[in-house]
Amino acid sequence: MGPSTESSRTSGAGGRETPSYPEPDFEGVIGADFRESVPWWPPMANDARGKPDVVLVVLDDVGFAGLGCYGAEVDTPVMDALAERGLRFNDFNVTPLCSPTRACVLTGRNHHSVGMAYLSNVDSGFPGHRGRVTRSAGNLGEVLQGAGYATMAIGKWHLAPLEETTAAGPYDEWPLGRGFGRYYGFLDALTDHFYPDVVEDNHRVDPPGSPEDGYHLTEDLIDHAISYVSDQVSVKPEQPFFLYAAFGTAHCPHQAPQEYLDKYRGRYDEGWDVIRERRFARQKELGIVPEDAVLAPLNPGVEAWAELTSDQQKLFARFQEAYAAMLDHTDAQLGRLVDFLESIGRLDNTIIVVLSDNGASQEGGPDGGADIVTYEEDRFCTVDFNMERFDTIGGPHSQTNIPWGWAQAANTPLRWYKQNTYAGGVRTPMIVSWPDGLANTGGVRTRFVHAIDIAPTILDLVDVVPEASYGGVDQMPYHGASIRDVLDDPGAPAPRDRQYFEMIGHRAMWQDGWKALTRHRRNEPFEDDPWELYHIDSDFSECDDVAAEHPDKLADLVGRWSEEASRYSVFPLDDRYLAVRASTFQTPGTPRARDTFSYLGGSSRVPGAATPLVFNRDFRITARIAPLGAADEGVLVAVGDVSGGYVLYLDGGRLVFEYCYLGERQTLASSDPVMPGATELSFRFERTGDYRGFGRLEADGRILGEMEMASMARGMISWGSLSVGADTLSPVSSSYEGEFPYTGSLERVDFDLG
């Protein structure tokens, strides 16, 4: 009796049957039984044993002067220690927005070329503006996983099309679909750090605690990071890991535990003029800026601190306290991870890269913002509005952002902010630490480096050569280059001699120490934008515009920008706000491209970017319930968070609809209790003009109350999610306690859009 096979037999020469084995390249011997056979195992594929671990830390909206080792008075001892044991860069450049920088950092390619011209919230209908990273640009997770690394990610993703981040998926652009084995974090641009919209692997989960329990997202992220690494090194210590740790800090909302808020009380009463001067002097002491650098003048719209009113000074200092407290708290949590790596003997052979995705944000406006949606709606919060919420700043009942003056202080000594292609928007801190692999540590590297150089550098340091294709998709060339030589030698040349920039119409071109740039004025012709010219090698802060002295150099760089823009899929230029784009462009198949929606009772949270577009149109919300009992109460549907949104609920037998937009709360309640036995409870809005109309409550078609409603949201009311049967996470209304779940039986909630 011959050897058996697991597959069908085929007829060979002479009519004999030839066995077909599942391993045609098997090099052992298969006999009639194991005694006559010789086993064989294929060599280990992608053997990464002995390679260093990698931790890539991405901070959010932290300006050039945001860390202690870059001149700040904010306490960041952990990152400062990493810098002391490693290297700092003073000409590290990014894109001036979050999703695009993340795409550059992880793929090593320019953001337009991979489809991320803007944010993952929007697909504008053009190749470079898809809001997703093309499969022909494999990211570090995919490449390192394929090379034998364990891969894990925590924190902010913001690289999947937001319309695809519901429980219905698809999941192929979520972290687990793009090369990461484990994930815990949030998928959108931001989340409330006390009430986060958390995702674990491929499903939403409830935060494991509440503010009352002392919960904060950053601590939760580090708990999961330590848990993931602990599992890995316990079971397969010989396999190196890649941890992508993308914190929400210091993107708005700025939120921190109370003890950290208390720590910074009064620290910023001196104002931003004093803090900028102090940071600048400290930067020169640290050698992080050249001795001949100058402190940029205040940006337009930023007043000298002494010229502010007492209310403005009090308010603005409080906003900055929350920002600093959040950054300090994050540094402490990162310290827990570093201490853990040291305790298990992995720290010395771990490459740790810390960087920020862009400069500090201008989205708080001149007076700061106690409502983070205002900027997306093309307006700013007033001092009076903010002062009404003064006591909540930084805590679980607020979502805030800093004013322009503090944003410029965070970018010291530079000009302008996030979104702009000036250095204030694109030059950020970067630290590289690797005790086993770096010599002459503690220094500053001054060569131009861009976000697209990070992935090639990490792959070079761990000696991994990317495959030509991943998942059957041929890969585009890397646009960045390794800076390994610069790490080893401060005199080594920059890896490349040119780099273009573009964001929302703002443009720049750097080449060989020169930089041409233009700050676009929204809604004005792009061809009318004036260009400026700076010699960065002698003008660190971009304060001396030499366009008039060097017209030929300016013309050359502007022409080269056009060449690079054509090469890397930059066109067409687009200067529209997020709310306009998100409410205008609906890709085929998106959950928003409908006029009717039905959410079953008990369904998962729906992220804000996939909620029904109820803006400036007729709409009706109907909760279909089992016959109403006399004692039934609670939230039927809620959309939004503490900054704004709308909610339909029963309280004391009365049906209530609350609509909160930019701090103005409009409440419609039935004058009488709803009769028991009702099965359809509705709110109907009938538009009578732009952003105004009549609201009406109904039970089984019977009108319970109506009111005129005005000043409705234009295209965005909140970053919060939609929940059915309770007000989960950050509460839309303060009229009830907690989630206020509906106590009856809720079949579904329907949205009908006129």
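What volume does the largest pocket have? I looked this up in a predicted model, and the computed value for the largest pocket is about 980 Å³.

**Entry 1. Pockets**

I listed the lining of the largest pocket and found 41 residues, of which Tyr 195, Val 642, Leu 729, Pro 731 and Val 732 lie nearest its centre. Sorted by class, this lining has 15 nonpolar, 15 polar and 11 charged residues. I then asked which strands contribute: strand E9 (203-205) and strand E30 (722-724) each supply at least two residues of the lining.

I turned next to the second largest pocket, with a volume of about 360 Å³. It is lined by 19 residues, and those closest to its centre are Gln 362, Tyr 375, Arg 519, Arg 522 and Tyr 577. I recorded its lining as 8 nonpolar, 5 polar and 6 charged residues.

**Entry 2. Cavities**

How many cavities of 30 Å³ or more does the structure hold? I noted 12 of them. The largest cavity has a volume of about 320 Å³. Its lining comprises 29 residues, and Ala 582, Arg 592, Gly 608, Ala 609 and Met 716 are the ones nearest its centre. Two elements give two or more residues to this lining, helix H14 (578-584) and strand E23 (634-641). Of these, H14 gives the most, with 4 residues. By class I entered 14 nonpolar, 10 polar and 5 charged residues for the lining of the largest cavity.

**Entry 3. The open sheet and strand E11**

I traced an open sheet of 10 strands, in the order E9-E8-E7-E6-E10-E3-E11-E12-E4-E13, with mixed pairing. Its edge strands are E9 and strand E13 (444-445), each of which pairs on one side only. Strand E9 thus appears in my notes on the largest pocket, where it supplies at least two lining residues, and again here as an edge strand.

I followed the neighbours of E3 and E11 in more detail. Strand E3 (residues 53-59) and strand E10 (residues 241-246) run parallel and are joined by 5 bridges. In that pair, Val 54 stands opposite Phe 242 in E10. E3 is also joined to E11 by 7 bridges, and these two strands run parallel. Here Val 55 stands opposite Ile 352 in E11. E11 is in turn joined to strand E12 (residues 430-433) by 4 bridges, and that pair runs antiparallel. I noted Leu 355 opposite Met 430 in E12.

Why is strand E11 (residues 350-356) largely enclosed by the rest of the structure? I found that 7 of its 7 residues are buried, so the strand is largely enclosed. I checked the side-chain directions as well: Thr 350, Ile 352, Val 354 and Ser 356 point one way, Ile 351, Val 353 and Leu 355 point the other way, and all are buried.

**Entry 4. Nonpolar cores**

Which residues have the most contacts inside the largest nonpolar core? I recorded Leu 67, Phe 241, Trp 406 and Ile 431, in a core of 93 residues. Helix H7 (residues 310-343) provides the largest share of this core, 15 residues. I looked up Leu 67 individually; leaving aside its neighbours within four places in sequence, its contacts are Leu 59, Val 62, Ala 72, Thr 76, Met 79, Leu 327, Pro 429 and Ile 431. A second, separate core has 56 residues, including Val 54, Trp 174, Ala 246 and Ile 452.

**Entry 5. Tyr 264**

Is Tyr 264 buried or exposed? At 0% relative accessibility, Tyr 264 counts as buried, since the cut-off for buried is under 20%. I placed this residue in the loop between helix H5 (258-263) and helix H6 (272-286). Leaving aside its neighbours within four places in sequence, Tyr 264 is in contact with Val 74, Asp 75, Glu 321, Ala 324, Ala 325 and Asp 328. I also took one distance, to Met 707: the two residues are 443 residues apart in sequence and 45 Å apart in space, C-alpha to C-alpha.

**Entry 6. Helix H2**

I examined helix H2 (residues 98-107) and found it mostly covered, with 10 of its 10 residues buried. Among them are Cys 98, Arg 102, Cys 104 and Leu 106. Just after H2, I noted that Gly 108 takes a positive phi of about 80°.

Key
Residues are numbered from 1 along each chain as its sequence is written. This is a predicted model: local features need pLDDT of at least 70, side-chain atom pairs count only at pLDDT 80 or more; totals for chains, interfaces and linings use all residues. Side-chain values use heavy atoms; hydrogens and water are left out. On a 1 Å grid over the protein atoms alone, a cavity is a set of points where a 1.4 Å probe fits but cannot get out, and a pocket is an open set with protein on both sides within 12 Å along at least five of seven lines; lining residues have an atom within 4 Å of a point. Grid points are joined across faces, edges and corners, and a volume is the space filled by probe spheres set on the points. Ala, Val, Leu, Ile, Met, Phe, Trp, Tyr, Cys and Pro count as nonpolar, Asp, Glu, Lys and Arg as charged, and the others, Gly among them, as polar. Buried means under 20% relative accessible area, exposed over 50%, partly exposed in between (1.4 Å probe, protein chains only). Two strands pair if DSSP finds at least two bridges between them. A nonpolar core is a set of buried Ala, Val, Leu, Ile, Met, Phe, Trp, Tyr and Cys residues joined through side-chain atoms within 4.5 Å. Contact means heavy atoms within 4.5 Å.
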